[in-house]
Amino acid sequence: MITEITTEVDSQLMSIYSQIGIDKPSNHEDIIQFVSEDVEASTNAEEFTSEDVKIAFRRLIETYEY
């Protein structure tokens with residue numbers, strides 16, 4: 001199910017990818033799911049900002065072990 005949050009997160013993630021100079025990752029849909037769930041859990045879903053998306057994206061990256 002595509003929600004307004006998911007649509008906005010998708011758009012903002014594409015902006016992040018562009019800013020850091022990478023192509024859309026093959027696991028983009030998984031990233032959208034993680035970031036959307038994190039935003040919903042940690043913010044007011046009706047008033048989240050691009051900073052909330054950036055923080056959620058950072059949390060995703062921090063979950064990966066290298």
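**Exercise 1.** In this predicted model, determine whether Ser36 is buried or exposed, and identify which residues Ser36 contacts beyond its neighbours within four places in sequence.

*Solution.* Step 1: the relative accessible area of Ser36 is 4%. Step 2: a residue counts as buried under 20%, so Ser36 is buried. Step 3: Ser36 belongs to helix α2. Step 4: once neighbours within four places in sequence are set aside, Ser36 is in contact with Ile5, Thr6 and Val9.

**Exercise 2.** Describe where His28 is placed and what His28 touches, not counting residues up to four places away in sequence.

*Solution.* Step 1: His28 is located in helix α2, which comprises residues 28–42. Step 2: with a relative accessible area of 3%, His28 is buried. Step 3: not counting residues up to four places away in sequence, His28 touches Asp10, Leu13, Met14 and Tyr17. Step 4: with Tyr17, the side chain of His28 also forms a polar contact of 2.9 Å.

**Exercise 3.** Characterise how helices α1 and α2 cross, and state which residues make the contact.

*Solution.* Step 1: two packed helices are described by the angle and the distance between their axes. Step 2: the axes of α1 (residues 4–20) and α2 come within 9 Å and cross at roughly 115 degrees. Step 3: the crossing is right-handed. Step 4: α1 contributes Ile5, Thr6, Val9, Asp10, Leu13, Met14 and Tyr17 to the contact, while α2 contributes His28, Ile31, Ile32, Val35, Ser36 and Glu40. Step 5: sorted by class, the contact has 8 nonpolar, 3 polar and 2 charged residues.

Notes
Residues numbered from 1 in each chain as written. Predicted model: local features only at pLDDT ≥ 70, side-chain atom pairs only at ≥ 80, totals over all residues. Heavy atoms only, no water. Helix = DSSP H or I, 4+ residues; strand = E, 2+ residues; numbered from the N terminus. Buried < 20%, exposed > 50% of the residue type's maximum accessible area, 1.4 Å probe, protein only. Contact = heavy atoms within 4.5 Å. Polar contact = N/O pair within 3.5 Å; in protein donor to acceptor, adjacent residues only side chain to side chain. Axes fitted to C-alpha atoms, helices over the stretch in contact; angles between N-to-C directions. Left-handed = near helix turned anticlockwise from the far one by under 90°. Nonpolar A, V, L, I, M, F, W, Y, C, P; charged D, E, K, R; others polar.
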